[in-house]
Structure formats: C-alpha cells, structure tokens
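Visitor: Please take a close look at a single part of this model, and then set that part against the rest of the chain. I would like one connected account.

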Amino acid sequence: MNLARFPRIRLGHLPTPLEPMERLSRHLAGPGGGPKLWIKRDDCTGLATGGNKTRKLEYLMAEALAQGADTVITQGATQSNHARQTAAAAAKLGLLCHILLEDRTGYTDAAYAQSGNVLLDKLHGATVSRRPGGADMAAEMEALAGELRAAGRKPYVIPGGGSNPVGALGYVNAALELVNQAAEMGLRIDHVVHATGSAGTQAGLVTGLVALNSNIPVLGIGVRAPRDKQEANVLALAERTAEHLGLPGIVRAEHVVANCDYVGQGYGIPTEGMVRAVRLLAEQEGILLDPVYSGKGMAGLIDLVGKGRFRPDENVVFLHTGGAVGLFGYPDAFGLPPEA
Ligand SMILES: *Cc1c(COP(=O)(O)O)cnc(C)c1O
C-alpha cells in the first residue's frame, strides 16, 4: 500500500492522541474485572473544533484543488459536523463553500436550527440553504453545481459525510497511524469501536487494517440505517476504497461488522443511552461526546461491556469521531440539575 501517491493537503493536527480511559474502565468493570478501554482522540483533529471529517477532507480538498475548483458544495443534516469541517477547510484554502442542510429530525427550535454546527458553518463564511427531510440531496447538489457552472464557477461536489473512496483514504491513513502508535506504546489492540453513519470512516479503517494484516476487528455502532443496510454500505465502499488503493478484493464481508441496536427512534433523535453515555464520559473522563454519533456509539460500547462482549484482558479502543459542538444544538436533551 502506497498512500503517499494520493494528493493530500494537511488540515488536521495529526497524529491524534491514543489515551487510556482509566476511570471509565474501572467504573464499567464488573466483579470479574472488565476490558481496558482506550480512546483515539479524533475529536482533536483541530480544524474548527475537530472531528473525523477532517481526515477525509485532507484527500477530498486536495482533489478539489487538483481539479481547479474555486467552490465546494456538500450536504448533511442540520447539525452536520461534516458540513462544519468542510466550511472551515474551504475557508482555510480560499474556496467558496455552499452547504445544503437536510431537515432529517423535524426539530424547529432555535438552538437546533441555528446554534452549534450551523453557527460555525456561517461563521466560516459558507452559504447555507435548507432542504426538507427525504430530499434527494445528491440531486440537489448536482442541480446547484449546474447553476454555479452556468455562472462561470468551478464547483467540486463532496458527497454527504465525505464518504467516497477518496475521502475514505483519510481513514486508511488513520489505520496506519493507529497501528504505528500501538506498536510504539507496546499496546495490543483487540477491538476498535466507533459510530458509523455515511460509512466512510469504517470503510477506510477496515480497508487500512486489512491491508496492514493487523488482525484488529472493527465494530461500527450504527446511528441511522438497520444493520443489513449499514454493513452493505460499508462493505461496498470498502471494496471501492481497496480498489482505489490498488488492492482489489482484500476486504471481505466478514471484515465488516455493524451493530445498529442503539439508533433509537432515528437519526439525530436522542436516546436515554446516549444521554447517559454523554454524561458519564463528561463526568468520568472530562471528555465531551456528541448527541448524534459518538454518544450513541459510546452507549453501544457501554452496553456491550455490560453484556460481557469483551474479555477482561482485552484492550478496546473507542475511536472518538468528534461532534461535541452538536451538544449546543440539543440543550434540552440532558436534563441538567438546577444550579446551587
Ligand atoms: C460523520 C460522523 C460520524 C460517522 O462517520 P461516517 O464516516 O459518516 O460513517 C461519526 N461521528 C461523528 C461525530 C461524525 O460527525
């Protein structure tokens, strides 16, 4: 595997830290002990408060510039972390940025509609417009790209979540980084767990870990689709990513595992488990998760630890994909105690 042949622009503060979660590990351990929990801090990638999309944008933005683009277009849910990181990357590179936000939750309160990620999209100078839930967002982006081309601009369209074989290279790179870090620390990683949505993170990670022959299994905790659909999406993108890398056929169905039992009522809709997980990490580790992705991912990890899914002598790495800015879009979800 030769990643260096793909154009890349440095946007993130890399490598991100890989740290033990000692208080959380103790807190969750049963009488027979429990797995040692670690956290890979991709919430600390630096760009506009960080997150997993920054790694994908290092490759996507490089391709945009190579194609002579002067404008980028992308889409996401109202509180999209991907949209926010794209807006910041475009600002840094001097490109215009158009963001289409899909109303996937139906929430109309000011915090959700205007604060958190939306506030930052606008602060970074992006043009924001809205579409109803269920809109064909890929078609909406193409229509906008057509208008911009007719007006003499050169738009580059980034799919939702930055999830295509170019964006997924960011997580192939993360797999390299993680395996090197573990080797340096003398850490045997037994499992990687993270929240999976548009599939690029898991597809890139799995492809990289398989290409390295690392034997480290990845478990994606779904935040939207049912399990069959999520696994099929990840596998299809992992296959295309491997092909893009010049390693066709290395990823097989057994490498792709998702658990979609923690979605609750739907994408972006809070669950009790998410609220408990966000509060627990804030109180036990001083770490901020997010309500849409990492909070549900951690809710899954906590539940699976309780069910004995991991052996007490195993090292489990939770990949923190970022998104804490989204907390400001959900101020009512957390039922905080009154002030003294
Ligand atoms: C986008 C996102 C994810 C999911 O990553 P995908 O590559 O879309 O599967 C997880 N966590 C956060 C905070 C995100 O913004």
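**A loop with two asparagines**

Guide: Asn213 counts as exposed, because its relative accessibility is 65% and the cut-off for exposed is over 50%. The model is a predicted one, and what follows describes that prediction. Asn213 sits in the loop that links α8, residues 200-211, to β8, residues 218-222. Its backbone is worth a check: phi is near 55°, which is a positive value in a residue other than glycine.

The loop between α8 and β8 also holds Asn215. Phi of Asn215 is near 60°, again a positive value in a residue that is not glycine. Asn215 has a relative accessibility of 73%, so it too counts as exposed. For this loop, then, the points to inspect are a positive phi at Asn213 and a positive phi at Asn215.

A second loop can be set beside that one. Ala253 belongs to the loop between α9, which spans residues 227-244, and β9, which spans residues 257-259. With a relative accessible area of 52%, Ala253 is exposed, given that the cut-off is over 50%. Thr241 lies twelve residues from Ala253 along the chain, and the C-alpha atoms of the two are separated by 14 Å.

A strand residue gives the contrast. Cys97 is part of strand β4, which covers residues 96-102. Its relative accessible area is 6%, so Cys97 is buried; the cut-off for that class is under 20%. Leaving aside residues up to four places away in sequence, Cys97 touches Val72, Thr86, Ala87, Ala90, Ala126 and Thr127. Pro17, by comparison, is 80 residues from Cys97 along the chain, and 30 Å separate their C-alpha atoms.

Towards the start of the chain there is another backbone detail. The peptide bond that runs from Leu14 to Pro15 is cis, its omega being near 0°. Pro15 is located in the segment before β1, the strand of residues 18-20.

Now the whole chain. The secondary structure of the protein amounts to eleven helices and ten strands. The radius of gyration is 19 Å, close to the 20 Å given by the globule rule for 340 residues, so the protein is as compact as a globular protein of that length. Along the principal axes, the C-alpha atoms fill a box of roughly 65 × 55 × 35 Å. Of the 340 residues, 56% count as buried; Cys97 is buried, whereas Asn213 is exposed. Among contacts with a separation of 6 or more, 81% are between residues 24 or more positions apart.

The surface and the charges complete the picture. About 14100 Å² of the protein is exposed, and carbon and sulfur atoms supply 52% of that area. Side chains counted as positive number 32 and those counted as negative number 33, with the centres of the two sets 3 Å apart.

Finally, the annotation. An unreviewed UniProt entry places the feature "domain: Tryptophan synthase beta chain-like PALP" at residues 9-322. Over residues 9-322 the chain is 44% helix and 16% strand, and the C-alpha atoms at the ends of this stretch are 20 Å apart.

Note on methods: Residues are numbered from 1 along each chain as its sequence is written. This is a predicted model: local features need pLDDT of at least 70, side-chain atom pairs count only at pLDDT 80 or more; totals for chains, interfaces and linings use all residues. Side-chain values use heavy atoms; hydrogens and water are left out. Helices (H or I, at least four residues) and strands (E, at least two) are DSSP runs, numbered from the N terminus. The radius of gyration is taken over C-alpha atoms; the globule rule is 2.2 Å times the number of residues to the power 0.38. Buried means under 20% relative accessible area, exposed over 50%, partly exposed in between (1.4 Å probe, protein chains only). Contact means heavy atoms within 4.5 Å. Accessible areas come from the Shrake-Rupley method with a 1.4 Å probe; for residues, only the protein chains shown count as cover. Lys and Arg count as positive and Asp and Glu as negative; His and the chain ends are not counted. The place of a charge is taken as NZ of Lys, CZ of Arg, CG of Asp or CD of Glu. UniProt positions are given in the numbering used here, feature names are shortened, and annotations may be inferred rather than shown by experiment.
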